[in-house]
Amino acid sequence: MRIQPRRQILNVWSSVLAACYRDGEWIWGGLAGSNSISDAEQLLCILYPATQIESFALHDPDRMADDVQEALSPLGRRIGLRIVQVMDDYLRKYELDGRPIFSADSYLRYPEGTPPADEQRALDVVDSYSMSLTLCLAGLQFLGSLRTASSRRTEKRLEEMLEPVEERLNRRLTGAMVGLVRSFVVRSVDPATDDGQAMLSMFNQTESEPDAVVAAVARRLERVRSRLRRDVTLTKTPDSDLEDEGLLIECGWSWGVVRDAQEIDFVDIPLSSSKGCAAGRPYLYFTIVALDGINDLTQPRTRELDLLDAEQRRLADALQLRWDLAQRYWSAMARYGSGRWPLEDIPWRTADGEESDYFSLCMSALLIQDLVARVASDDDLTRATPIFDELARRGRITSRLTVNDPARDLHVPGVSLALQGSETVGDGPRLSWTVSDYAPMLLKRTLQAAQLSGTLSTRDELLELAQTAMSHLERRAFQDGSAKGLWDDADRYFSAEWRGNGSAEDSPDGAHVSWYFTERIIECLVAAEKAYRDPPLRSPTSATRSLDLLNEADHLLNQRFLELSEKDHTPNRWTLENIEKKLLRARALIDERPGTAHSLCADALRELDELDFATLDAMRGE
């Protein structure tokens, strides 16, 4: 299926409003009920494209495209203000006495028959911090655009409405940034322990002596280790030893605020998980989630639009440092060694000994994220392409699902992650987190890799894989009912019986919609739009051939003009002038779009030949 971001995003917008907007009221909740993450994802399905894609902007009714207005027509004539009201409803819902709430609640999983304690349901998680970061930045950008588009007559009344919303957005943004800083962890691992052996089993692809691998890894990570030791001064991770190069290290994000993480004294935003209880070890999934949120924070437009105050800029600098170091660490480990990459040894094994194709996909995502942030090597992208192909096949995106296929568990119910440390809170069990975004993650990272690639064949392979992944996802959308056009109808697609612990009955409209899944597909469509906005790749061969044709056509045109009288105002002159315009256009396009230039030159040569033939035919007639 061809990916068509504009049409598909507008279809999702129409479906979102059909599912959760009734009689002028926004209805929160979906498959997993209502919580701070799911409700943010629900709102971002509309707000994220509206602030990322210029043609989808909603702040100025006079400049809004007709198809955009039609898709959002249930919101009425003042679409921008209605979005602000929904945003304010969300912010009020997840704030208590000025304290932002980042709890996962109904997204948490637990053993059958042992429900979590109330204190556990209220635990803050990195997923909520990251999603709130994206939501608040989009919200602040949206409010700024509304102010710019307002007339002087309505400016005062609008400001009275926007100011309290902006204050709540800033409080939540600051709280999310603090939570992400305090959830970052650096972990030292003894190579002789089980965790150390699991790490070495991935890094040691050449069956070298373990001591040699540890020393080589230390050399590879020398700069990362040095910066972790020297520059990460805000909330040092307890018990990490960066001096001993005989120890392996990991860095990234745990599932929540790390146990005994230091307070940030210059911020006066109370958080429910101020002490922290998460285990001091990074999780691949939560690291990717954190990096995605921080990536929105580090975009140039955030600085250009002056969205952050002085306190937030200091936190942003701390997060950008951690963002850079985490990407460098995992990218280096994915490609460690001179032979086969550890990433190519599928499935990836984490330090706790767990193995899954999903973890390999996470590592691929971390690699692409790092290559996006730096100048990508075509060799790296060319080498990564077969990995995406293999993961698509193993995840049954491009191959047939068999009876009792274990690959089904990657999608339904998903991969379970134990939230180590959650059992120390209240009187409940150890909680877990289920991730089922295998297909959307594969699609998004494939699109990002295609955007980076400078090789035509590699880019073509990646885009073909992305279209196949989109076809897979389209087949998993609901086909009827209030959730039609949204995701994820996994039961029908995989013929599986699964609903999880979340209560879908909490929401009568769109109760079966997974906003977790739908929002990630929106991210994929936004990534596709950005990839398509770039100019097409320039083939050196095509450019050379186009230049040859241009020179030939230009020379023949000059010959025809030599034979043309100044007083000749016949159709021949008009034809030659039109050919000249085509060649001027071809010359302007030859660097960026050599294929188009080739076509224009070919047309010009054909018309010149027709003139020559007509001239010869006339001479024969005489």
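Select Ala-602 to begin: with a relative accessible area of 34%, this residue is partly exposed (buried means under 20% relative accessible area, exposed over 50%, and partly exposed in between, for a 1.4 Å probe and protein chains only). Ala-602 sits in helix 22, residues 594-621, where helices (H or I, at least four residues) and strands (E, at least two) are DSSP runs numbered from the N terminus. Adding Leu-549 to the selection gives a pair whose C-alpha atoms are 7.1 Å apart in space, although their positions lie 53 residues apart in sequence numbering.

The model is predicted, so local features need pLDDT of at least 70 and side-chain atom pairs count only at pLDDT 80 or more, whereas totals for chains, interfaces and linings use all residues. Residues are numbered from 1 along each chain as its sequence is written, and side-chain values use heavy atoms, with hydrogens and water left out.

Next, move to Met-131 in helix 6, residues 126-149. Met-131 counts as buried, because its relative accessible area is 6%. Show Ile-37 together with Met-131: the two are 94 residues apart along the chain, and their C-alpha atoms are separated by 6.7 Å. A third pair to display is Ser-188 and Arg-281, which are 93 residues apart along the chain with 9.2 Å between their C-alpha atoms. Ser-188 belongs to strand 5, residues 184-189, and is partly exposed, at 21% relative accessibility.

Helix 6 also leads to the enclosed spaces. The structure holds three cavities of 30 Å³ or more, a cavity being a set of points, on a 1 Å grid over the protein atoms alone, where a 1.4 Å probe fits but cannot get out. The second largest cavity contains about 60 Å³ of space; grid points are joined across faces, edges and corners, and a volume is the space filled by probe spheres set on the points. To display its wall, select Tyr-48, Thr-51, Gln-52, Thr-134, Leu-137, Ala-138, Gln-141, Asp-296, Arg-301, Thr-302 and Leu-307, lining residues being those with an atom within 4 Å of a point. Helix 6 gives the largest share of this lining, four residues, while helix 2 (36-52) and helix 12 (300-304) also supply at least two residues each. By class, the lining of the second largest cavity divides into four nonpolar, five polar and two charged residues (Ala, Val, Leu, Ile, Met, Phe, Trp, Tyr, Cys and Pro count as nonpolar, Asp, Glu, Lys and Arg as charged, and the others, Gly among them, as polar).

From there, turn to the largest pocket, which holds about 720 Å³ of space, a pocket being an open set with protein on both sides within 12 Å along at least five of seven lines. Of the 35 residues that line the largest pocket, Asp-292, Asn-295, Lys-444, Arg-445 and Gln-448 lie nearest its centre. Seven helices can be coloured here, since helix 2, helix 6, helix 11 (284-297), helix 13 (310-334), helix 14 (357-373), helix 16 (438-452) and helix 19 (515-533) each supply at least two residues of the lining. The lining of the largest pocket has 14 nonpolar, eleven polar and ten charged residues.

Keep helix 11 and helix 13 on screen: their axes come within 10 Å and cross at roughly 130°, where axes are lines fitted to C-alpha atoms, for helices over the stretch in contact, and angles run from 0 to 180 degrees between N-to-C directions. That angle makes helix 11 oblique to helix 13 (under 35 degrees is roughly parallel, over 145 roughly antiparallel, 65 to 115 roughly perpendicular and the rest oblique). Their crossing is left-handed, meaning that the near helix is turned anticlockwise from the far one by less than a right angle. Helix 14 and helix 15 (residues 378-394) pack at about 150° with their axes 11 Å apart, and are therefore roughly antiparallel to each other; this crossing is left-handed.

Finally, inspect the backbone. Most residues other than glycine have a negative phi, and most peptide bonds are trans. The bond joining Ile-346 and Pro-347 is cis, with omega about 5°, and Pro-347 is in the loop between helix 13 and strand 7 (348-349). A cis bond also runs from Trp-487 to Asp-488, with omega near 20°. Asp-97, in the loop between strand 3 (95-96) and strand 4 (99-100), has a positive phi of about 55° and is exposed at 77% relative accessible area.
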